[in-house]
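These are my notebook entries on one structure. I looked up burial, charge pairs, surface patches and backbone geometry, in that order.

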Amino acid sequence: MVSKPESADSSSDKKRRKTSNSNAVDNSSSNAKTLKEDVYMNTIAFEEQEASKRSPIKDANLFHATCDELRSIFADIAKLKADSSEDAKQKIAEKRIEGSLAFVLLKKLNRLDKVRIREGRDALHKEKLRVDSNRLQLQNLLYEAEHLKREVQRCYMFKSQDEEIELVPVEEFYEQAPESVSRPEQTKADEHARRIARLEWELQQRKELDAHLKELLTLKQAVEKDIVGKTERLDSLGPRLRDLLIATRPLQEALEMPIEKGWKTRKTVRLLPQPLYLLYANVTAYGEACDHLLTTSIHGDEEEAKQIAASGNTYESEAHCGRESGSNSHDRVDSDNDENDHDVDRGMKKRHHRGHMKTNLAEQRREKLFKPHPLSVTIKIRAKDYSSSLSPDSPGPGLSLTFFYLPNMQVVTMNIALVDFHSVGAAASDVLSTDSVLNELFCGDRGEECPNPKIKYQLQDLSIDINQLARMLKERNLGSPFLWVQKICGLEYISTAYTCVRGLDVGNDNLETGDKLHETIPSIIHSVRARWEARLKLYKQIHDLESKMIDTSVNDEHGHPIRISSTVLQWSSISFEDYVSSGVAGMFLEDSIATASDLYFRAIVIRGSAKLESYICVPCRYPDASPLWSFSLHWNGKHTSVSNSSVREMEYWCNSLSALEHSCDILPKQLKRAMSCLDIYLETEGPYYAPAEFTQDKSFLKPFRGRTRAQPFRIAPNGSSSLFTQI
């Protein structure tokens with residue numbers, strides 16, 4: 001029982017001793033660490049102090065001497081290793097100690113060198129910082145000096161606002177200003193005082209003017225109020241006047257006084273471009289004065305024309321700058337194309353986009369070039385004294401000529417349409433085709449050449465062939481740019497192509513460049529009506545021939561009917577290519593008498609086994625030029641004018657008729673002559689062939705005459721009858 005507390009006390013004593021021992025160990029270890037750190041720091045401080053005191057050159061020499069000593073120690077050790085005696089081993093141990101001391105010395109020199117390098121780097125960094133600080137201070141000083149210079153310069157250049165005020169002259173100031181303001185005894189000697197006095201006088205005058213301005217503004221407001229009241233009163237009268245005008249419309253119709261229509265027309269006429277305005281004004285005046293069958297009208301989008309007139313950007317100004325904008329857009333397209341060529345790596349999608357953009361720009365420029373003015377002028381020219389069984393409800397058919405103005409080209413085009421006329425028959429319809437009815441109205445004017453020389457360069461800039469101009473205009477329903485159309489609109493160009501309009505065969509009129517519009521318009525209107533009436537007569541002849549409404553069994557050219565034995569099998573229209581391929585009209589084609597713009601027909605006449613093919617060329621300028629007949633006779637072979645003189649005489653006899661003298665029945669008379677010539681040819685040549693197929697039923701004196709065996713194709717009067725004689 002007594003021993004237990006004793007054992008407990010002993011165990012507690014042991015714990016106390018262990019704790020005290022552990023604390024002592026910890027304190028000793030921390031003291032050792034502190035001592036080691038102090039030794040390291042002291043060593044570093046000592047070496048830094050020693051490095052600053054010692055000479056680097058001497059340390060370098062010592063370093064080289066130590067290296068040489070190590071080399072000699074290594075050489076001695078190598079020699080001693082060759083000798084395996086105990087003395088050699090003892091010397092090797094001594095050499096090793098010497099070498100180790102040399103290595104320790106090298107390490108110390110290396111540490112000193114590192115210390116010097118670190119101190120030099122730190123010194124260099126401090127010097128750089130000092131230099132940068134000085135440089136920054138220098139820049140600040142320079143900036144401040146420059147700022148001060150600018151402020152000084154600004155002070156030198158300062159201008160007071162009173163210098164911008166326009167003061168009255170000095171003499172006028174002394175004359176008008178009171179002496180209380182001018183103070184001449186002070187201001188004449190002192191320039192500054194004079195300046196202040198003049199400013200005071202200017203301020204006084206401006207105050208008076210401001211008061212006067214307020215009075216005028218008050219008066220202006222009163223006048224404006226009066227104007228507004230009167231305007232409202234006039235506006236209230238507008239509906240009443242419109243109602244009154246509507247109520248008087250029956251009276252206007254009864255008295256044939258279209259007052260309201262005239263007002264609307266005059267408003268629209270002001271929106272026309274200059275060429276169409278001149279055309280409308282002159283043609284309307286001529287129609288009212290001299291030609292009641294001539295009417296004019298205006299068509300198109302009036303709102304768009306009003307916008308153009310209101311904006312001030314007229315089509316003429318667009319035409320003036322169209323070339324420049326076109327060239328700029330062309331340059332943009334080229335630059336885009338060049339950039340596209342250089343950036344091939346950007347991908348096919350981007351190249352496709354650039355090409356599509358280029359196509360859109362070119363198409364926009366082309367559409368802008370061919371864009372007409374929104375208003376157009378239509379002229380209707382009707383035939384005089386015309387009546388036809390084909391169209392009894394339209395006694396006076398006419399032509400509708402619609403004129404368009406292309407401002408970017410500065411040219412007028414014309415589109416043709418038929419009025420109150422419906423053509424019947426395939427062959428006859430070609431006569432009144434709107435594409436050719438006015439071709440070569442004047443010699444050489446087919447509407448295919450560009451009248452304005454600058455159009456060639458505009459089309460060339462858009463990569464368009466000049467020969468495609470007529471086709472592109474027709475695709476847009478703009479018609480053709482005839483030269484006489486430019487003349488009737490008052491447009492004149494410096495071009496050699498314009499000489500083709502000089503000769504006017506109709507009425508023997510001459511259009512010269514200097515003619516006035518009031519002299520030109522009647523001549524052109526007369527030429528158009530003459531061409532239209534001639535085409536109507538030609539249409540009736542061809543329609544009657546095509547439908548076989550003409551009696552071709554009798555030839556009554558001289559008033560004595562002569563029986564015709566041959567019959568007409570067919571009358572049809574052919575193309576220019578068919579006419580050329582026939583091979584019977586080489587003479588007309590070589591001399592350019594027959595061209596692609598003319599009309600071509602074929603008539604087939606038969607009698608028995610003989611067949612006469614007639615190829616007829618009706619010139620575009622009919623009736624100024626007569627129809628030309630060419631024959632191909634098929635009987636005992638093929639005979640043409642080249643191989644047979646009789647066929648050549650037949651052609652001469654048929655082509656000897658003049659269209660001007662027989663404008664109403666030239667083709668039937670020529671056809672009857674051709675049929676009679678075929679009968680004479682067969683009746684004179686037939687007896688020489690067996691069996692005899694044709695009997696003589698014509699009267700002629702001699703079947704042949706002369707060496708050429710000329711046959712009696714000409715009809716000559718013989719008393720109360722007619723007979724055939726040689727030409």
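Entry 1, terms and model. I call a residue buried under 20% relative accessible area, exposed over 50%, and partly exposed in between, with a 1.4 Å probe and protein chains only. The model is predicted, so I keep in mind that local features need pLDDT of at least 70, that side-chain atom pairs count only at pLDDT 80 or more, and that totals for chains, interfaces and linings use all residues. Residues are numbered from 1 along each chain as its sequence is written, and side-chain values use heavy atoms, with hydrogens and water left out.

Entry 2, salt bridges. I count a salt bridge when a side-chain nitrogen of Lys or Arg is within 4 Å of a carboxyl oxygen of Asp or Glu. How many salt bridges does a search of the whole structure find? The search returns 30.

I began with Lys487 and Glu492, whose side chains form a salt bridge at 3.6 Å, N to O. Is Lys487 buried or exposed? Lys487 counts as buried because its relative accessibility is 3%. Glu492 is partly exposed, at 46%.

Next I looked up Asp68 and Arg71, which pair through their side chains with 2.5 Å from N to O. For helices and strands I use DSSP runs, numbered from the N terminus: helices are H or I with at least four residues, strands are E with at least two. Asp68 and Arg71 are three residues apart in helix H2 (residues 56-82), so about one helical turn separates them. I list Asp68 as partly exposed with a relative accessible area of 44%, and Arg71 as exposed with 52%.

The third pair is Glu367 and Arg476, with their closest N and O atoms 3.3 Å apart. Glu367 is in helix H13 (residues 348-369) and Arg476 is in the loop between helix H16 (469-475) and helix H17 (483-488), so this salt bridge ties together parts that are 109 residues apart in sequence. Both ends are partly exposed: Glu367 has a relative accessible area of 37%, and Arg476 has 24%.

I also noted a network of salt bridges that links Arg563, Arg607, Asp679, Glu683, Asp697 and Lys698.

Entry 3, surface patches. My patches are made of residues with over 30% relative accessible area and no salt bridge; like charges are joined within 9 Å, and nonpolar side chains (Val, Leu, Ile, Met, Phe, Trp, Tyr) within 5 Å. The areas come from the Shrake-Rupley method with a 1.4 Å probe, and for residues only the protein chains shown count as cover. Lys and Arg count as positive and Asp and Glu as negative, while His and the chain ends are not counted. I place each charge at NZ of Lys, CZ of Arg, CG of Asp or CD of Glu.

Which residues gather in the patch of positive charge on the surface? They are Lys264, Arg266, Lys267, Arg270 and Lys306. Helix H9 (residues 259-269) supplies the largest share, three residues. Lys267 is in helix H9 and is exposed, at 58% relative accessible area.

A nonpolar surface patch of about 360 Å² is formed by Leu216, Leu219, Val223 and Ile227. I checked Val223 in this patch: it sits in helix H7 (residues 191-247) and is partly exposed, at 42%.

Entry 4, two buried polar residues. Thr402 is in strand E3 (residues 398-406) and is buried at 15%. I take a polar contact as a pair of N or O atoms within 3.5 Å; within protein, one must be able to donate a hydrogen and the other to accept it, and residues adjacent in sequence count only if both atoms are side-chain atoms. The side chain of Thr402 makes such a contact with the side chain of Thr378, at 3.4 Å.

Gln458 is in helix H15 (residues 454-461) and is buried at 12% relative accessibility. I find 8.4 Å between the C-alpha atoms of Gln458 and Leu369, which are 89 residues apart along the chain.

Entry 5, backbone. The peptide bond from Tyr622 to Pro623 is cis, with omega near 10°. Pro623 is in the loop between strand E9 (610-618) and strand E10 (628-634).

Gln410, not a glycine, has a positive phi near 55°. Its place is the loop between E3 and strand E4 (411-419), and it is partly exposed at 30%. Lys548, also not a glycine, has a positive phi of about 60°. Lys548 lies in the loop between helix H18 (517-546) and strand E5 (554-555) and is exposed, at 52%.
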